[in-house]
Structures are given as structure tokens and as C-alpha cells.
Amino acid sequence: MNRRKLPLLLFASALLSVNILSAEDNSTTTINPSIQRVFQVYTPGWDYDLNPQTAQYASEAQILNSLYEGLFCYNPMTSEAIGAYCKSYKLSRDKKRWTFTIREGAVFSNGDPITAETFKESWLNLLANPDAEFASFADCIQGAKAFRSGNGKREDVRISAPDSSTLVVHLTEPSEHLPQILCHHSFAAISTKENVYSGPFILESYKDNTIVLTKNENYIDKDKVHIPGVTITMIDNADELSHKFNTGQADWVMKNANYDKIIDKDAIQIFAQFGTQYYFFKMNSEIWSKKEFRRALIEAIPYNKLRDGFYLPASTLVYPLSGYPTVIGYNDYDTEDAIIMMNQARKKYNIPQDLKLPLVIAVSSESLWEMQSAIILKNAWKPLGVEVSIQSTQNSRYIASIPNWKADIFHYGWIGDYADPLAFLELFRTGSSLNTGLYSNPEYDKLLEKAASAETVQEHYRYQARAEQILLDEGEVIPLAYFISSNVLDANLIGGWYKNSMDIHPFKYIYFQDKKSRIPNFVHYQEDQK
């Protein structure tokens with residue numbers, strides 16, 4: 001899918017100047033100020049990391065996109081990149097120099113100015129942060145990869161601010177999807193002072209499983225923000241979450257409600273999301289870092305059992321975008337062929353046929369499904385002479401534990417940060433800060449480079465599909481299912497909330513509509529009297 005609003009053929013001109021389009025500002029909708037109030041969100045419990053440079057989860061992105069904003073932000077309807085602090089931009093003839101014009105009069109929540117220098121320093125600080133997993137998204141900038149990996153200097157990163165409203169970025173190769181990358185909260189304008197924000201809301205408090213956001217009165221587009229604030233309350237009990245919605249206490253329930261108990265079934269919002277659950281191999285062991293052994297394991301997996309119960313079983317890593325070439329995934333299996341492949345691999349690398357090969361699967365201790373899935377793999381691989389052990393940790397620590405965990409296979413769920421296959425393929429590029437599996441293949445890396453400099457979307461996708469095919473052919477990933485997004489929200493009452501592939505719904509577009517619910521809220525909630 002081409003994420004740009006203008007056709008790529010326009011790049012044939014020597015210099016392209018683009019005026020940034022904004023999201024629909026509800027100018028054709030009459031919004032009643034008298035009914036606007038604090039937006040009540042309920043969600044399962046989570047220990048939120050609200051540092052925009054180190055946060056890793058989609059649920060955190062929902063909040064961080066309200067506290068921080070960059071040159072671009074997500075269109076609430078399409079997830080495309082639209083202008084935020086960027087007024088316009090232009091490209092050089094070779095498409096490697098981007099010149100951004102910053103909107104005048106922008107300030108942080110404390111009144112400090114937001115300028116081109118702000119973005120330059122924010123991005124350089126991102127690259128300097130060893131805990132910033134998304135920093136490698138900036139590797140297309142000259143000098144960025146060397147600096148973040150400790151092999152270059154800060155001053156060699158080719159980002160400059162010749163004046164307060166002009167930001168110039170030099171790339172190593174054309175990157176047509178750059179505006180989409182810059183929507184990510186990692187690239188927002190970030191103050192060096194604490195509790196200072198660049199987004200439409202500020203963090204009022206975070207305590208007792210409740211996050212309170214209030215409107216940022218210094219935000220450059222404050223007149224387009226209609227609700228005075230957002231309260232996010234964390235509750236793990238799915239029945240209680242359903243009760244909160246039925247009784248009118250919750251405007252939006254994220255993820256974990258008991259849908260059977262929701263009275264207004266039309267309020268249940270279920271749609272496909274640009275995300276995939278899968279297993280990946282980490283190159284820890286001399287055995288499993290070799291593709292021949294991984295291929296044998298892949299051939300032995302009963303995929304019908306492994307994917308049982310998923311709404312959208314996945315045989316490939318990348319959710320099939322429109323125009324993306326067909327990639328041959330995993331669906332069938334044969335234990336006898338797998339045994340033959342394993343014996344051939346043992347012979348090639350002089351591994352005795354009767355030697356038990358140890359393999360560790362890492363799972364979340366709180367996920368019954370992950371444990372059952374690991375057992376399916378254990379039983380499938382036993383005839384191959386593989387001795388599987390299962391290790392676990394708490395769900396909240398699982399992702400952070402992967403870099404230092406000496407397991408061989410990890411369960412993972414990834415939601416693309418922009419609607420391009422690179423959002424997934426970047427996870428396996430050599431040297432990427434997101435490459436926790438330590439996978440490396442020069443041919444794969446070269447294909448991603450060719451995709452970045454492709455002249456057409458079709459060519460761009462063609463190279464990426466070939467790269468994904470390598471991942472699958474080498475048995476680096478085991479696709480499980482494409483994500484389904486599930487929320488509870490009455491779109492008849494709430495405006496500015498749309499189904500989209502990213503499942504990100506910026507609070508700055510939310511407003512209450514002057515309408516009556518289709519189903520009366522006949523269950524009245526009585527507060528416990530103390």
C-alpha cells in the first residue's frame with residue numbers, strides 16, 4: 001500500500017515541495033461544547049512505560065501519542081502520516097535530502113519553544129539512548145547507525161537546523177516512507193525537562209492503576225481538541241469491564257471485556273489489525289543458528305493444532321497488503337520428511353545421530369495458550385531427537401527479558417508502526433536495534449536496501465517479498481496468526497474514533513456527539529457506601 005497522498009511519479013521533478021494535509025478537523029460536524037467531558041477509558045492492568053524513547057507496546061503508544069507529538073502524526077481514519085509540527089517539506093532531486101518547515105509559534109506545555117533544533121536534539125538523544133529499541137528506524141539518516149552503535153560521533157549524524165523553522169535531514173538512500181516512520185512517538189519533540197509535553201495532553205497523574213491526562217492549553221492545535229481530559233483506569237476482571245460499559249461508566253473498553261455480557265452488541269468493534277503473532281529463533285546456539293536444523297523443525301510442526309482457535313491463522317509473517325506479492329508460507333507438515341532432514345543436517349555438521357539436541361522455548365508464565373503451544377512443539381520435535389525444555393517469566397517482563405535470555409525460541413506479537421512490510425522486516429535486518437533474534441543474512445539485508453531505493457511501489461514490494469521469503473525458507477520465524485483488534489465503544493455517541501489497521505485512536509480527535517444511544521442504559525450502577 002502506498003502511504004503517500006501524492007503519486008510517486010511526481011518525484012521525477014528536480015525538487016518536490018509538499019504542503020502537509022491535516023486530518024479531518026470536524027469542520028463539517030457541529031460539535032456541542034456543552035456536552036464535552038472527560039473521556040473514560042478502561043483497560044486491563046499494565047505497567048506502562050511512558051518514556052517515548054523506550055516504550056515498546058502498542059497500548060503505551062495510545063497514551064504517548066497524546067502526550068508527545070512530532071513532525072507527523074497518524075490520521076485517525078487511515079493511519080497515514082499527516083502533518084503535526086511539520087508545515088511542509090521538500091525533497092532534493094536524488095530524494096536523499098529532506099527539508100522540513102516547522103510550524104511557527106509551537107511551544108511545549110511549559111511554554112518553551114519547539115523549533116527545528118528541538119527535533120534535531122530529540123532525535124540525537126534517541127540515537128544515544130541504548131534502551132531505545134526503535135532507534136534503528138532512523139538508520140536511513142547518514143551517520144545515525146554508526147552513532148547509535150557506538151562507532152560514530154554525534155556531530156557526524158547529518159541532521160541540521162539552519163534556523164528555528166528549518167530542519168534538514170540527509171539520508172543514506174531514498175526512503176519514501178519516512179513521514180510514516182516519523183509518526184512514531186520515538187521521534188516526537190521531547191523536552192529535556194521533566195513533566196513537559198509536546199502533545200495535546202499532559203500527564204496529570206499516574207497512580208493506583210489510574211492515569212489522568214488533561215488538555216495541554218499550550219498545544220498549537222488546542223482549539224481542535226474538544227475533550228478536557230482522559231482518565232484511563234486499569235481493571236483485569238473482564239466481567240467488571242463489561243459492567244462498566246453497560247452502566248455508562250466506561251466510554252471505551254480496550255481489549256479485555258466479556259463480550260457476551262455487553263448489552264449493546266453494536267458497540268463491539270472487531271477488525272483486522274496490521275500485526276502478527278509468531279515464534280522466532282534467537283541465534284544463541286551453534287545448532288539452532290544453522291538453517292538446516294531449523295528447517296527440519298519447521299517441517300515437523302502440526303500447524304492445524306498450533307493455530308487452532310485463532311480467527312486469522314497466518315502462514316506468513318507480513319499481513320498481505322494490497323499489491324504485495326504472494327509469499328509461500330507454512331501450512332503442511334510431514335514428520336517422516338522432517339526426520340530425514342534432521343538426519344541430513346546432523347551428518348553435514350558431524351552431529352551424532354543418537355545425540356539429544358537441547359532446545360529451550362521461552363513463554364509467559366501467565367499465558368495458558370503459550371504453555372500449551374510449547375507442549376505441541378515439544379511433542380512434534382521429540383521424534384527428531386530434540387529435547388525441549390520450557391522456561392517462563394511474568395508477562396510484564398517477557399519482552400524486556402529477551403535480550404539476555406538464553407532461550408532458543410520466543411513467542412512474539414508485533415504490530416506494524418506504519419503500513420509497510422518494512423515495519424516487520426526491520427526486525428531481522430542485521431544491526432537493527434529491533435533485531436533481538438540476532439538474525440543476519442547479507443542477501444536479506446541487500447534486498448531491503450533495494451526495496452528502499454525502488455522507483456515504484458510494485459518494485460518496493462517485490463524486493464520486500466523476496467526478503468520475507470528468505471526468512472521463511474530459512475526457518476527463522478514460525479507464523480501463528482494475524483491480529484484481531486477488539487474494543488467496546490459506541491460510535492453513535494463518540495466521534496473521532498475510527499477502525500484502522502494500527503488500532504491507534506488519538507485522543508485529540510475524540511469528541512462526544514449530541515445524540516442518543518440506540519440502546520438505553522437501563523442498568524444503573526450503585527456506588528458502594530462506606
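**Salt bridges and an enclosed cavity**

Lys255 is partly exposed, with a relative accessible area of 37%. The model examined here is predicted. In this model, Lys255 pairs with Asp503 in a salt bridge, and their closest N and O atoms are 2.6 Å apart. Lys255 sits in the loop between strand S12 (252–254) and strand S13 (268–281), while Asp503 sits in the loop between strand S18 (494–495) and strand S19 (511–512), so the bridge ties together parts that are 248 residues apart in sequence. The burial of the two partners was then examined. Asp503 has a relative accessibility of 9% and counts as buried, because the cut-off for burial is under 20%. Lys255, at 37%, is partly exposed.

The count of salt bridges comes to 14. Side chains of opposite charge can pair when their charged atoms come close. Another of these pairs is Arg148 with Asp139, with 2.7 Å between the closest N and O atoms. Here both partners, Arg148 and Asp139, are buried.

A further pair lies within a helix. Glu449 forms a salt bridge with Lys446, and the closest N and O atoms are 3.7 Å apart. This distance is accepted because the cut-off is within 4 Å. Helix H12 (residues 442–452) holds both Glu449 and Lys446. The two residues are 3 apart, about one turn of the helix. Glu449 is partly exposed, with a relative accessible area of 39%. Lys446 is also partly exposed, at 46% relative accessibility. Elsewhere, bridges with shared partners link Asp139, Arg148, Glu426 and Arg429 into one network. The Arg148–Asp139 pair described above thus has both its residues in this network.

Internal space was considered next. Rolling a probe the size of a water molecule over the atoms shows where empty space is left. The model has 6 cavities of 30 Å³ or more. The second largest of them holds about 90 Å³ of space. Its lining consists of Asn65, Tyr68, Glu69, Gly70, Phe72, Cys73, Tyr74, Cys183, His185, Pro506 and Lys508. Strand S3 (residues 72–74) gives the largest share of this lining, 3 residues. Those residues are Phe72, Cys73 and Tyr74.

By class, the lining of the second largest cavity divides into 6 nonpolar, 3 polar and 2 charged residues. Glu69 and Lys508 are the charged residues. Asn65, Gly70 and His185 count as polar. The nonpolar group includes Tyr68, Cys183 and Pro506.

Definitions and conventions: Residues numbered from 1 in each chain as written. Predicted model: local features only at pLDDT ≥ 70, side-chain atom pairs only at ≥ 80, totals over all residues. Heavy atoms only, no water. Salt bridge = Lys/Arg side-chain N within 4 Å of Asp/Glu carboxyl O. Buried < 20%, exposed > 50% of the residue type's maximum accessible area, 1.4 Å probe, protein only. Helix = DSSP H or I, 4+ residues; strand = E, 2+ residues; numbered from the N terminus. 1 Å grid on protein atoms, 1.4 Å probe; cavity = no way out; pocket = protein on both sides within 12 Å on 5 of 7 lines; lining within 4 Å. Points joined across faces, edges and corners; volume = space filled by probe spheres on them.
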